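Please read the sequence and the structure below together. The report after them deals with strands, aromatic rings and one helix contact.

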Amino acid sequence: MKLPFYIALRYLKSKKRGFSFGTIISISGVALGVMALIVVISVISGFHEDLQKKILGTQAHAVVLNYSGGIENYRAVMDFLSKKQEIEAYSPFVMGQVLISSGKRAHGVYLRGIIPDYDMKTTEVFKHVKYKYQNHTDLPWIIIGKELANLLGVLPGDTITIISPMGSIGPLGIIPKVKKFIVTGIFEIGMYEYDMNLAITDLSIAQDFFEYGDKVTGIQLKLKDVYKADKICQRVARELDGEFYCKDWMQMNRNLFSALKLEKFTMFLILILIVLVASFNIISMLMINVTEKQREIAILKSMGATDSFIKWIFVCQGLIIGLIGTFIGLTGGIFLCEIVKSYEIVKLPADVYYLSKLPVKIKIFDVMVICACALFISLISTVYPAHRASKINPVEILRYE
C-alpha cells in the first residue's frame, strides 16, 4: 500500500515543485464544497436551536389536556404528576381567544391565565418581561408582548379592554363580555407569534372571565429531559384515565420543525453538488494523468505490477485529493463559522428576524457526515480512470521504445 501511495503522490506533482495546476483545482473544488456545506448547515442548525430555545422558553415541554375541554379535578391531577420523577414542575392554566383593544386599535390574541409562582417554574415568560409597572389600582393585571403593545400604542400602567366573543344572550342578541385590565408588564421573547398574539393574566381572573368556574384548560409540564417528552407523554396519558391526553412540544410545533428539517436536508443536497462538480475535475485530471503516464504504467506492468496495483495508484490519487480538500474545507469552514459567530459580519434586521447576527451551531455529527460524503465522492471519482489505467497494454505502448 505504501508504494502505490508514493507513486500516486508523485503523479499528482508537476515537474517543478508542488502540486500540478489540475491537482490544485481539484483540491480547491472539494475544499470549497466542504467549507460551504459546513457554514450553511451550521447556520441552519443555529436557527433551529435558537428557535427551539425560544419556543421552550414560552411553551411548556408538555401539556396535559382533557377531551371534554376542561379539567375539573386539576388539583388531584397535579398531585399525581408531582409523584413522577421525570416531571420537574407543573402549572395549571386557562387559555382562550379574546379581542384586546385600546382606543380605536384592536387585535385578536390568546389570553392565558396562570398562577405566577407555578408558571415561573415551567416557562420563562416572566424572565423576558422588560418593562414593569406596580399595580396600585383595583383593576386586574395583564402582561402583553412588545409587538402587541406597539400595535395598541400602550405602555406599562395603561388600561386596555378585553372582549370575549362568548357572551351572554340578551334582548338584542349575544352581548360580548367586556373587562378592563391594567398593563403591568411588557415581555419580549423574540418570536413574532408570541410577542404579538399572547397576553397573560392571573388564573382566577381568566377563570371568571371565561366562566370556567374551578376548571382549567390544562396543566403545563416541565420535564427533566425534553427529548424524551413523547415517551413521557404516552406514559402519563396511559396512567391517567381515558379522559386525559398529553401533547409534547414537538407535536405542538411539528409543522415548524418539519419545515426546518426539510430545509436543512434540501440545502445539504444542493450544496453537495459543489463537491460533485469537483469530482468531475478529479475525473478529468486523472484521465489526463492516465494518458500522460501511459509509458510509466506500461513499464510498471512489464516489471510485474498487477492490474490491482495500477488501480490502487489512481485510487490513492483520489484519496489524497479528497483528504487534503476535506481537511482544508473543514478548517476553513470551522474558522469562518467562528468568525460569523463572534463578529457581526452578516447583519440582520432585528425587527424582522429578532437577531442582529447569524446564529451558528457546529454539530459534530453534521461535520462528520459532510466530510464522509466528500471523501466518498472523491473515491468514487477514481473508479473509471483507475479501470482505464489498469487495462493499458504494455506491449502496444513500448512497441517502438
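The text that follows takes up the strands, then the aromatic residues, then a pair of helices.

This is a predicted model, in which local features need pLDDT of at least 70, side-chain atom pairs count only at pLDDT 80 or more, and totals for chains, interfaces and linings use all residues. Residues are numbered from 1 along each chain as its sequence is written, and side-chain values use heavy atoms, with hydrogens and water left out.

**Strands**

Helices (H or I, at least four residues) and strands (E, at least two) are DSSP runs, numbered from the N terminus. Buried means under 20% relative accessible area, exposed over 50%, and partly exposed in between (1.4 Å probe, protein chains only). Two strands pair if DSSP finds at least two bridges between them.

Strand β1 (residues 62-66) has five of its five residues buried, so it is largely enclosed by the rest of the structure. In a regular strand the side chains alternate between the two faces of the sheet. Both faces of β1 are covered: Ala62, Val64 and Asn66 are buried on one side, and Val63 and Leu65 on the other. Strand β8 (residues 198-202) is likewise largely enclosed by the rest of the structure, because five of its five residues are buried.

The pairings of β1 and β8 are listed here.

| Strands | Sense | Bridges | Citation |
|---|---|---|---|
| β1 and β9 | antiparallel | four | |
| β1 and β10 (residues 244-248) | antiparallel | five | |
| β3 (residues 105-114) and β8 | parallel | five | |
| β5 (residues 141-145) and β8 | antiparallel | three | |

Individual residues can be matched across these strands. Val64 stands opposite Ile219 in β9, and Leu65 has Tyr245 as its bridge partner in β10. For β8, Leu198 is the bridge partner of Tyr110, while Ile200 stands opposite Ile143.

**Aromatic residues**

A pair of aromatic rings is described by the distance of the centres and the angle of the planes. Rings of Phe, Tyr and Trp (its six-membered ring) pair if their centres lie within 6.5 Å; planes under 30 degrees apart count as stacked, over 60 as edge-to-face and the rest as tilted. The structure holds five aromatic pairs. One of them joins Phe209 and Phe210, which is edge-to-face because the ring centres are 5.5 Å apart and the planes stand at 75°. Phe209 is buried at a relative accessible area of 1%, and Phe210 is buried at 17%.

Tyr227 and Trp249 also form an edge-to-face pair, with 6.4 Å from centre to centre and 75° between the planes. This pair links distant parts of the chain, 22 residues apart: Tyr227 lies in the loop between β9 (218-223) and α8 (229-239), and Trp249 in helix α9 (residues 249-252). Tyr227 is exposed, with a relative accessible area of 56%, whereas Trp249 is buried at 3%.

Phe209, Phe210 and Tyr212 form one aromatic cluster. The charged end of Lys215 sits over the ring of Tyr212, 5.8 Å from its centre; this requires NZ of Lys or CZ of Arg within 6 Å of the ring centre and within 35 degrees of the ring normal.

**Helix contact**

Helix α2 (residues 21-58) and helix α12 (residues 307-342) have axes that come within 7 Å and cross at roughly 35°. Axes are lines fitted to C-alpha atoms, for helices over the stretch in contact, and angles run from 0 to 180 degrees between N-to-C directions.
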